[in-house]
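Here is a short briefing on one protein model. Please look over the sequence and the fold before reading on.

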Amino acid sequence: NYMGHGKFPLSIHIRPEFTKEESFSDNQTTTTTDGSLLSKTNNTTRTETKRYGVASNINSHHNLISSNKSYNKINAPSNSLSLGFTGNLSYRNSEGDNLRDYEITDREGTNLTTLTIDSERPNINADIKGNLQFNRSTVYDEKNKSGYNKMSRFGIGIEMGYRYNRDKNYTIALNQATGEIDYAYSGDYIKNNQTTSVGMNIAKQWKSGLSVRFGAEYSKENVKSDEEIPSKAHVNRDFEAINYNAAFDYNLLSLTFGTRANIPYVNQLSSTLDVDNPMYLTSGNPNLKSGRTYSVNLSLNNRSYEKPRKVTVQTNISFSVNTDPITTIRRYFKESTILPEYGNYEAVAGATLNTPMNVGNNIQSSAYISAAYMLQKINTSFGVSVNGSYSNPFASIDDEVIRNENSSTRFNVMSAVHTTTTAINLGRAIAKK
């Protein structure tokens with residue numbers, strides 16, 4: 001650790017890492033239909049893994065302008081302009097030696113494969129942010145209901161960011177019987193994620209206690225993958241998004257709104273088949289789109305920790321809409337099946353192929369309300385609460401995409417003695433799916 005002082009204070013933290021692991025796993029799966037055997041697998045793996053690397057964090061914050069003379073003085077405004085920087089950098093590598101015995105028994109007989117797997121997976125990650133913030137505040141000699149001085153504030157800030165992540169995987173699986181490379185369990189690829197962003201936020205608080213905040217951010221993410229093994233596949237996609245957020249607060253009431261881009265992961269965009277678990281095959285979809293989430297939240301809370309109230313009421317209502325969400329599509333194989341789109345890989349009977357896909361919009365909503373009464377003579381509170389939720393996501397069942405409707409309601413009666421940790425909760429829950 002290093003802590004610097006002066007006009008540009010700087011803190012640096014560096015952490016070296018090293019671990020060594022040895023593990024053994026035995027996974028057995030039997031699949032039957034109408035009492036007859038479809039397939040039986042026995043997957044045994046012995047692994048020795050070494051992980052090493054270094055992680056670092058750098059922080060710097062400097063006040064360019066600060067009117068210290070008037071700071072915290074009653075009815076006197078104070079101004080500040082600050083510049084900040086944060087950086088997280090890391091390098092990690094994983095080296096593994098595996099011995100895998102993979103045995104399949106189906107209607108055609110038993111097949112045993114023994115593989116020697118050597119792998120090396122270095123990773124580089126960087127996350128850098130810089131911000132410039134201006135604030136102007138005034139403290140008044142009037143008190144609010146909580147007993148604090150009233151205050152007005154205005155702030156505006158700009159933030160820029162850059163994120164970079166690079167994964168490299170070099171894995172070679174040799175068949176001990178033939179001495180040949182088993183490409184289904186080997187891998188040679190480089191996957192990169194780069195994101196640049198710039199955002200602005202504005203906040204204003206009035207003497208009355210009313211405050212509003214608004215922010216917007218533009219981001220561009222590049223997802224890139226170059227794969228040579230098990231098959232040649234290349235991905236190079238750009239995703240652009242503008243996200244907004246806004247908030248309104250006044251006394252007991254709070255209202256927030258926000259948007260978020262849901263960008264596919266690099267593995268979800270790769271068309272390579274992952275057969276690490278032969279009964280649970282996974283692959284990506286190069287045609288995936290970026291989805292979005294729009295959310296609204298309204299809350300009302302009259303609880304006060306400085307001056308406990310006899311009656312407290314808490315309410316929270318949230319609603320969100322997801323557009324083009326990504327759902328996993330499951331394809332089930334009743335018989336051994338050749339997959340020509342994946343280099344003629346043979347999926348065993350009973351296996352499932354899982355592929356991501358954009359589906360229609362869905363919503364999520366929830367509501368919560370509670371009321372409590374404090375009987376001060378015995379220092380005990382009594383209350384009731386009701387909360388409910390509803391969602392209608394898509395799901396894949398029997399090779400079909402269907403919409404699920406999930407709803408739940410819960411009612412609670414509560415009693416608590418505040419001088420002890422004793423509490424009594426009585427409730428009933430109703431759920432529908």
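Which element supplies the largest share of the lining of the largest pocket? That element is β4, with 5 residues. The model is predicted. The points below cover the pocket, a cavity, two sets of paired strands and two single residues.

**The largest pocket**

- The largest pocket holds about 980 Å³ of space.
- Its lining consists of 40 residues. Closest to the centre are Arg121, Asn169, Tyr189, Asp274 and Asp276.
- By class, the lining has 21 polar, 10 nonpolar and 9 charged residues.
- Besides β4 (77-106), several strands each give at least two residues to this lining, including β3 (36-66), β5 (109-143), β6 (149-175) and β7 (187-205).
- β11, β17 and the helix α1 (266-269) also supply at least two lining residues each.

**The cavity**

- The structure contains 1 cavity of 30 Å³ or more. About 40 Å³ of space lies in it.
- Its lining is made up of Asn27, Thr29, Thr41, Asn43, Tyr102, Asn277, Pro278 and Met279.
- Two elements, β2 (10-33) and β3, give two or more residues to the lining of this cavity.
- The cavity lining counts 5 polar and 3 nonpolar residues, and no charged ones.
- A general point on such spaces: a probe the size of a water molecule, rolled over the atoms, shows where empty space is left.

**β7, β8 and β9**

- β7 and β8 run antiparallel and are joined by 18 bridges. Glutamine 194 has asparagine 222 of β8 as its bridge partner.
- The hairpin of β7 and β8 has 5 residues between the strands. In this hairpin, glycine 209 takes a positive phi near 105°.
- β8 also pairs with β9 (residues 233-250), in the antiparallel sense and over 17 bridges.
- Asparagine 222 has a bridge partner in β9 too, namely aspartate 238. Asparagine 222 is thus bridged to glutamine 194 and to aspartate 238.

**Serine 225**

- Serine 225 sits in strand β8 (residues 211-229).
- Is serine 225 buried or exposed? Serine 225 counts as buried because its relative accessible area is 0%, and the cut-off for buried is under 20%.
- Its side chain makes a polar contact with the side chain of glutamate 227, at 3.4 Å.

**The three-stranded sheet**

- An open sheet of 3 strands runs in the order β11-β17-β14. Its pairing is mixed.
- The edge strands are β11 (280-282) and β14 (326-332), and each pairs on one side only.
- On average, neighbouring strands of this sheet are turned by 35° against each other, direction ignored.
- β14 pairs with β17 (residues 352-358) in the antiparallel sense, over 7 bridges. Within this pairing, threonine 328 has proline 356 of β17 as its bridge partner.
- β11 and β17 of this sheet also appear in the lining of the largest pocket.

**Glutamine 314**

- Glutamine 314 lies in strand β13 (residues 311-323).
- Its relative accessibility is 22%, so glutamine 314 counts as partly exposed. That class lies between the cut-offs of 20% and 50%.
- The C-alpha atoms of glutamine 314 and leucine 252 are separated by 9.5 Å. Along the chain, these two residues are 62 residues apart.

Note on methods: Residues are numbered from 1 along each chain as its sequence is written. This is a predicted model: local features need pLDDT of at least 70, side-chain atom pairs count only at pLDDT 80 or more; totals for chains, interfaces and linings use all residues. Side-chain values use heavy atoms; hydrogens and water are left out. Two strands pair if DSSP finds at least two bridges between them. Helices (H or I, at least four residues) and strands (E, at least two) are DSSP runs, numbered from the N terminus. Axes are lines fitted to C-alpha atoms, for helices over the stretch in contact, and angles run from 0 to 180 degrees between N-to-C directions. On a 1 Å grid over the protein atoms alone, a cavity is a set of points where a 1.4 Å probe fits but cannot get out, and a pocket is an open set with protein on both sides within 12 Å along at least five of seven lines; lining residues have an atom within 4 Å of a point. Grid points are joined across faces, edges and corners, and a volume is the space filled by probe spheres set on the points. Ala, Val, Leu, Ile, Met, Phe, Trp, Tyr, Cys and Pro count as nonpolar, Asp, Glu, Lys and Arg as charged, and the others, Gly among them, as polar. Buried means under 20% relative accessible area, exposed over 50%, partly exposed in between (1.4 Å probe, protein chains only). A polar contact is a pair of N or O atoms within 3.5 Å; within protein, one must be able to donate a hydrogen and the other to accept it, and residues adjacent in sequence count only if both atoms are side-chain atoms.
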